[in-house]
Every structure is written in C-alpha cells, then in structure tokens.
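This report goes through one protein model, from its backbone to its side-chain contacts. Please keep the sequence and the coordinates open while reading.

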Amino acid sequence: MVGYDTLRRYVKPIHAKIVQIAHQAGLPVILHSCGSLGPLLDEWIDEVGVDAKHSFEDGILPVAQAYQQCWPRAAILGGYDLNRLCHDTPKEVYAHCRELIEMGRQGGYALGSGNSIPDYVPADNYLAMLNAARDARLNP
C-alpha cells in the first residue's frame, strides 16, 4: 500500500539482490504481488529479472492481458479471478479454465486462481477448475 516511487526506491533493489542470488543458484523467482504494479510489472521482469508473476484480479490486470504483456519474458501463474471463481457456475468455471489453458498452450502459463483458494470458494467450482485441468491434459 505504497506508491510506485517508494517501491522503486526501497523494494526494487532488495528484490534485485534476491533474484540475483536465486539465479546464481539456478533457481527461478516467482513474484507474488497483490494489487496493481502498474508500470512496475515490466521493470520487475526486465530489470529485476523475475521469472514469473502470480496474483491477478480482473479489475486490476486480467490474466489474459498480463499474459500478452509478459510472455515470453516471464511466465504467468494463476489468474482465475477469485471473485469470479466464487460466483461463476461450475460450468462457467470449467469453460473459462479451458480458455485460459488454451491461451497458455504456447507455454508460460499455469492454471490456478488469482490468489489462494480460500474455504469460501464453492467446492463444485474448485472441482470444476481441477477437472478442466485434468481434461486438458488427457484430451488436449
């Protein structure tokens, strides 16, 4: 809950050091960041060197838009908006998951929610997400 300039000044240098250490060890770095990174997303990919980004919300940056913006420079993880995951029908969840999977067929995408899966997500919706992933793997 700080401004972009504050993130650039205080957080970016620390993240750059963390990424450098991880990369020297042969490890990828995933940035989990809630909220809007705005113009900082490209900086974190191009200058800091993060390999993937997680946590998306349709009202801030829809996952399909993030994928277009970031891939192939960085992978996109998750992105099924949590509000939508709660309120869509299981059939809608399944269909949207299949769309997201198709979007990422060229690489750099892993299906998941926009954040964590809290206990208030309807079980049938969560199962629809899992079934879509299973079916995409078994019947591409």
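Where is the place of P72? P72 sits in the loop between helix 3 and strand 3. The model is predicted. The peptide bond that leads from W71 into P72 is cis, with omega near 15°.

**Overall fold**

The secondary structure comprises six helices and four strands. Along the sequence, these elements follow the pattern α-β-α-β-α-β-α-α-β-α. The radius of gyration is 16 Å, close to the 14 Å given by the globule rule for 140 residues, so the protein is as compact as a globular protein of that length. The C-alpha trace spans about 45 × 30 × 25 Å along its principal axes. Of the 140 residues, 41% are buried.

**Backbone at S55**

Besides the cis bond before P72, the backbone at S55 deserves a check. Phi of S55 is near 95°, which is a positive value in a residue other than glycine. S55 belongs to the loop between strand 2 (52–54) and helix 3. Is S55 buried or exposed? The relative accessible area of S55 is 8%, and the residue is buried because the limit for that class is under 20%.

**Salt bridges**

How many salt bridges does a search of the whole structure find? The search returns nine. Three of the pairs are listed below.

| Pair | Closest N to O |
|---|---|
| E47 and K12 | 2.4 Å |
| D42 and R73 | 2.8 Å |
| D46 and R73 | 2.7 Å |

The E47 and K12 side chains meet in a salt bridge at 2.4 Å, N to O. Since E47 lies in helix 2 (residues 40–48) and K12 in helix 1 (residues 4–24), the pair ties together parts that are 35 residues apart in sequence. The two partners are not equally covered: E47 is exposed, with a relative accessible area of 54%, whereas K12 is buried at 15%. Both residues also belong to a network of salt bridges that links D5, R8, K12, E43 and E47.

R73 takes part in a salt bridge with D42 at 2.8 Å, N to O. This pair links distant parts of the chain, with D42 in helix 2 and R73 in the loop between helix 3 (63–70) and strand 3 (75–77), 31 residues apart. D42 is partly exposed, with a relative accessibility of 29%. R73 is likewise partly exposed, at 36%.

R73 also forms a salt bridge with D46, where the closest N and O atoms are 2.7 Å apart. Here too distant parts of the chain are linked: D46 is in helix 2 and R73 in the loop between helix 3 and strand 3, 27 residues apart. The C-alpha atoms of D46 and R73 are separated by 7.7 Å. The side chains of D46 and R73 make a polar contact at 2.7 Å. The loop that carries R73 is also the place of P72.

**Cysteines**

How many disulfides does the structure hold? It holds zero. Why is C34 without a bond to the closest cysteine sulfur? That sulfur belongs to C86 and is 15 Å from the sulfur of C34, which is too far for a bond, because a disulfide needs the two sulfur atoms within 2.5 Å. C86 is in no disulfide either, and its nearest cysteine sulfur, that of C97, is 13 Å away. With a relative accessibility of 17%, C86 counts as buried.

**Nonpolar surface patch**

Which residues make the nonpolar surface patch of about 320 Å²? The patch is made by I117, Y126, L127 and L130. One of these, Y126, is located in helix 6 (residues 123–138). Y126 is partly exposed, with a relative accessible area of 33%.

**Summary of the contacts**

R73 pairs with D42 and with D46, both acidic partners being found in helix 2. Helix 2 is also tied to helix 1 through E47 and K12. For the cysteines, the count of disulfides is zero.

Key. Residues numbered from 1 in each chain as written. Predicted model: local features only at pLDDT ≥ 70, side-chain atom pairs only at ≥ 80, totals over all residues. Heavy atoms only, no water. Buried < 20%, exposed > 50% of the residue type's maximum accessible area, 1.4 Å probe, protein only. Patch = residues over 30% accessible without salt bridge, like charges linked within 9 Å, V, L, I, M, F, W, Y side chains within 5 Å. Areas by Shrake-Rupley, 256 points an atom, 1.4 Å probe, with all protein chains shown as cover. Salt bridge = Lys/Arg side-chain N within 4 Å of Asp/Glu carboxyl O. Helix = DSSP H or I, 4+ residues; strand = E, 2+ residues; numbered from the N terminus. Polar contact = N/O pair within 3.5 Å; in protein donor to acceptor, adjacent residues only side chain to side chain. Rg over C-alpha atoms; globule rule 2.2 N^0.38 Å.
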